[in-house]
Amino acid sequence: MSITKVNCPTCQAEVIWQPESQFRPFCSERCKLIDLGEWADEEKRIAGEPAFAPEKQDQWEQDL
């Protein structure tokens, strides 16, 4: 059986992809939390068109 290894998305450390690797694909909880913070601060985002036009946000919120 071959061992799958990936690089931690945060620090690029090598991580063995196995159930014992608790934070996979991250090497540690610290790297996982750094990545989460980057998404929360909108430093990372998925490319594409917005789901709604920002200038119409007020109207969208009123419709809720």
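In the predicted model, Asp35, Glu38 and Lys44 are joined to one another in a network of salt bridges. Within this network, Lys44 pairs with Asp35, for which the closest N and O atoms lie 2.3 Å apart, and the side chain of Lys44 also meets that of Glu38, with an N to O distance of 3.2 Å. Both contacts qualify because the criterion asks for a side-chain nitrogen of Lys or Arg within 4 Å of a carboxyl oxygen of Asp or Glu.

The members of the network fall into two classes of solvent accessibility. Asp35 has a relative accessible area of 11%, and it is therefore classed as buried, the limit for that class being under 20%. Glu38, in turn, is partly exposed, with a relative accessible area of 23%, and Lys44, the residue that bridges to Asp35 and to Glu38, is likewise partly exposed at 26% relative accessibility.

A further salt bridge is formed between the side chains of Glu14 and Lys5, where the N to O distance is 3.7 Å. Here Glu14 reaches 55% relative accessibility and so counts as exposed, since the exposed class begins over 50%, whereas Lys5, with a relative accessible area of 47%, is assigned to the partly exposed class. Under the distance criterion applied, the count for the model comes to three salt bridges, among them the pair of Glu14 and Lys5 and the pair of Asp35 and Lys44.

Terms used: Residues numbered from 1 in each chain as written. Predicted model: local features only at pLDDT ≥ 70, side-chain atom pairs only at ≥ 80, totals over all residues. Heavy atoms only, no water. Buried < 20%, exposed > 50% of the residue type's maximum accessible area, 1.4 Å probe, protein only.
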